[in-house]
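Visitor: I would like to walk through this model with someone who can reason from the computed values. Could we take it one question at a time?

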Amino acid sequence: MPSKKEIDNKSIYQFKVNDIQGNEVSLSDYKGKVLLIVNTASKCGFTPQLDAMTELYNEYKEEGLEILAFPSNDFAGQEPLDGEAIQQFCMVNYSAEYPIFEKTTVKGRDASDLFKFLSDKKLNGKVNSTPKWNFHKYLVDKEGRVVDYFYTITKPNSSKIKRSIRKLLEA
C-alpha cells in the first residue's frame with residue numbers, strides 16, 4: 001500500500017500558483033473539488049472555447065466543479081495580454097467567473113512545475129500528455145489526482161468531458 005507521502009506526491013495539492021492578480025494560491029484549497037485545468041489564450045482560433053468553459057462551469061459549479069484557466073503564450077504568441085487585461089478579456093467577452101491564473105509556460109524545459117506534473121506520467125502516475133496547443137485540458141479528481149486529459153479539439157462542454165466530470169462528481 002502506498003504511503004501518504006507517495007499519495008501526496010501524485011496530487012496537484014503539493015503546488016502553489018499565482019492568480020491573475022499575483023496572489024499565491026495553494027491548489028490544496030481545491031480539495032474535494034473536481035477540476036478541469038485548461039491552458040488558454042485570447043487570440044487563438046479556439047478562444048471561443050472560453051464560452052464553453054463558462055457554460056460547463058455554470059452547469060456544474062454547484063456540484064463541485066472548478067475550472068482553472070492558465071493563460072499561456074507558448075503557442076504562436078497567441079496570448080499577448082498580461083495580468084488584469086487577460087481577466088478583463090475573459091470576463092467581458094466570455095463571462096468567465098472561474099479562477100484565472102498568471103500567464104504560465106505549459107511546455108518544454110521552462111514549463112511550470114504544475115504543468116510538468118500534469119503532463120508527465122512518471123510524476124502524476126496516470127497521464128502522459130504535454131499540451132500540443134492552447135486549450136489542452138486536464139481532468140483532476142476530488143483527491144487531486146490527474147485522471148484524464150483532452151486535446152484542444154475536444155470542447156469543454158462536449159458530452160465526453162461532461163460524462164467524465166459527472167462520474168467524478170458522483171464518486
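What follows is a set of questions and answers on the fold, the cores and a few single residues of this predicted model.

Visitor: In what pattern do the helices and strands follow one another along the protein chain?

Guide: As this is a predicted model, the elements are those assigned to the predicted coordinates. The protein chain holds six helices and six strands, and, read along the sequence, these follow the pattern α-β-β-β-α-β-α-α-α-β-β-α.

Visitor: What is the radius of gyration of the protein chain, set against the globule rule?

Guide: The C-alpha atoms fill a box of roughly 45 × 35 × 30 Å along the principal axes. For 171 residues the globule rule gives 16 Å, and the value computed for the protein chain is close to that, so the chain is as compact as a globular protein of that length, with a radius of gyration of 15 Å.

Visitor: Among contacts between residues at least 6 apart in sequence, what percentage join residues at least 24 apart?

Guide: Buried residues make up 50% of the 171 residues in the protein chain. For the contacts between residues at least 6 apart in sequence, the share that joins residues at least 24 apart is 65%.

Visitor: Which helix gives the most residues to the largest nonpolar core?

Guide: In soluble globular proteins, nonpolar side chains tend to be buried together. Here the largest nonpolar core has 28 residues, and Leu50, Met53, Leu56, Ile67, Tyr98, Ile100 and Ile165 touch the most other members. Strand S3 (34-40), helix H2 (49-60), strand S4 (65-71), H3 and helix H6 (159-170) each supply at least two residues of this core, and the one that gives the most, with five residues, is H2.

Visitor: How many residues are in the other core that lies apart from it?

Guide: Leu35, Leu68, Val106 and Phe117 are among the members of this other core. Its number of residues is 22.

Visitor: Is Phe135 buried or exposed?

Guide: Most residues other than glycine have a negative phi. Phe135, although not a glycine, has a positive phi of about 70°, and it is found in the loop between helix H5 (121-124) and strand S5 (137-140). Its relative accessibility is 0%, and since the cut-off for burial is under 20%, Phe135 counts as buried.

Visitor: What is the relative accessible area of Ser95?

Guide: Ser95 also is not a glycine and has a positive phi, of about 50°; its place is in the loop between helix H3 (83-94) and helix H4 (113-119). Partly exposed covers the range between the cut-offs of 20% and 50%, and Ser95 is partly exposed, with a relative accessible area of 47%.

Visitor: Which residues does Thr154 touch, not counting those up to four places away in sequence?

Guide: Thr154 has its place in the loop between strand S6 (146-150) and H6. With a relative accessible area of 17%, Thr154 is buried, and, once residues up to four places away in sequence are set aside, it touches Gln49, Lys137 and Ile161.

Visitor: What distance separates the C-alpha atoms of Asn18 and Ser164?

Guide: Asn18 is found in strand S1 (residues 16-18) and is partly exposed, with a relative accessible area of 28%. Leaving aside neighbours within four places in sequence, Asn18 is in contact with Asn23, Glu24, Phe101 and Glu102. Asn18 and Ser164 are 146 residues apart along the chain, and their C-alpha atoms are separated by 27 Å.

How values were computed:
Residues numbered from 1 in each chain as written. Predicted model: local features only at pLDDT ≥ 70, side-chain atom pairs only at ≥ 80, totals over all residues. Heavy atoms only, no water. Helix = DSSP H or I, 4+ residues; strand = E, 2+ residues; numbered from the N terminus. Rg over C-alpha atoms; globule rule 2.2 N^0.38 Å. Buried < 20%, exposed > 50% of the residue type's maximum accessible area, 1.4 Å probe, protein only. Contact = heavy atoms within 4.5 Å. Core = buried A, V, L, I, M, F, W, Y, C linked by side-chain atoms within 4.5 Å.
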